[in-house]
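Work through the exercises below with the sequence and the coordinates open. Try each task before reading its solution.

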Amino acid sequence: MGNSSSAPTPPPPTLKDNEPKGKSTQKVGIKSGKKICCCCPETKEARDACVLSNGEEDADCQRLIELHKECLRGEGFTVK
């Protein structure tokens, strides 16, 4: 009834030495080796407090947002 002349199933691909292990390849900062969420805690805290109190469009908050972005760029992250 069944024709067993089909080709054997190939083995699953294996990881090479230069490929990352695991599903996530979370980028870390160059200077600190931390994830983006953990870098620049001082500027992050000031930025968050300002935005919560005054809103994102506030001039002081815009300055703090830019300072935080500069800090993250200094860590090696690409931030718009």
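## Exercise 1: Helices

Helix α1 is followed by G55, whose phi is positive, near 90°. The model is a predicted one, in which local features need pLDDT of at least 70 and side-chain atom pairs count only at pLDDT 80 or more, while totals for chains, interfaces and linings use all residues. Residues are numbered from 1 along each chain as its sequence is written, and side-chain values use heavy atoms, with hydrogens and water left out.

Task: count the helices and strands, and compare the reach of α1 with the expected span.

Solution.
1. Helices (H or I, at least four residues) and strands (E, at least two) are taken as DSSP runs, numbered from the N terminus.
2. On that basis the chain has two helices and zero strands.
3. The expected span of a helix is 1.5 Å times one less than its number of residues.
4. α1 has 14 residues, and its first and last C-alpha atoms are 20 Å apart, close to the 20 Å expected at 1.5 Å a residue.

## Exercise 2: Confidence and surface

Task: state the confidence of the model and find a stretch with pLDDT below 50.

Solution.
1. pLDDT is the predictor's confidence in each residue, from 0 to 100.
2. Its mean over the chain is 81, and 69% of the residues reach 70 or more.
3. Over residues 18–24 the pLDDT is below 50, and this stretch has four contacts in the model beyond near neighbours in sequence. Contact means heavy atoms within 4.5 Å.
4. Where pLDDT is low, the predicted coordinates should not be read in detail.

Task: describe the burial and the accessible surface of the chain.

Solution.
1. Buried means under 20% relative accessible area, exposed over 50%, and partly exposed in between (1.4 Å probe, protein chains only).
2. Of the 80 residues, 15% count as buried.
3. The accessible surface of the chain, from the Shrake-Rupley method with a 1.4 Å probe, comes to about 6,800 Å². Carbon and sulfur atoms account for 55% of this surface.
4. Among contacts between residues at least 6 apart in sequence, 47% join residues at least 24 apart.

## Exercise 3: Cysteines

Task: find the disulfides and give their pattern along the chain.

Solution.
1. A disulfide is a pair of cysteine sulfur atoms within 2.5 Å. A search of the whole structure finds two.
2. One joins C40 to C71, with an S to S distance of 1.9 Å. This pair links distant parts of the chain, 31 residues apart: C40 is in the segment before α1, and C71 is in helix α2 (residues 59–74).
3. The other is formed by C50 and C61, whose sulfur atoms are 2.0 Å apart. C50 lies in helix α1 and C61 in helix α2, so this disulfide ties together parts 11 residues apart in sequence.
4. The torsion about the S-S bond of C40 and C71 is about -95°, so that disulfide is left-handed. For C50 and C61 the torsion is about -95°, so their disulfide is left-handed.
5. With bonded cysteines counted along the chain, the pattern is 1-4, 2-3.
6. Both C50 and C61 are buried. C40 counts as buried at 6% relative accessibility, whereas C71 is partly exposed at 28%.

Task: explain why C38 and C39 have no bond to their closest cysteine sulfurs.

Solution.
1. The closest cysteine sulfur to that of C38 is in C37, and the 3.4 Å between them is too far for a bond.
2. For C39 the closest is in C40, at 5.6 Å, which is too far for a bond.
3. C38 is partly exposed at 43% relative accessibility, and C39 is buried at 2%.

Task: say what is notable about the phi of C40.

Solution.
1. Phi of C40 is near 55°, a positive value in a residue other than glycine.
2. Most residues other than glycine have a negative phi.

## Exercise 4: The core

Task: list the largest nonpolar core and place L72 in it.

Solution.
1. A nonpolar core is a set of buried Ala, Val, Leu, Ile, Met, Phe, Trp, Tyr and Cys residues joined through side-chain atoms within 4.5 Å.
2. The largest has five residues: C39, C40, L72, F77 and V79.
3. L72 is in helix α2 and is buried, with a relative accessible area of 7%.
4. Not counting residues up to four places away in sequence, L72 touches I36, C39, C40, F77 and V79.
5. L72 and K44 are 28 residues apart in sequence, and their C-alpha atoms are 9.8 Å apart in space.

Task: determine whether E75 is buried or exposed, and list its contacts.

Solution.
1. E75 is in the segment after α2.
2. Its relative accessible area is 11%, so E75 is buried.
3. Leaving aside neighbours within four places in sequence, E75 is in contact with G29, I30, K31, S32, C39 and C40.
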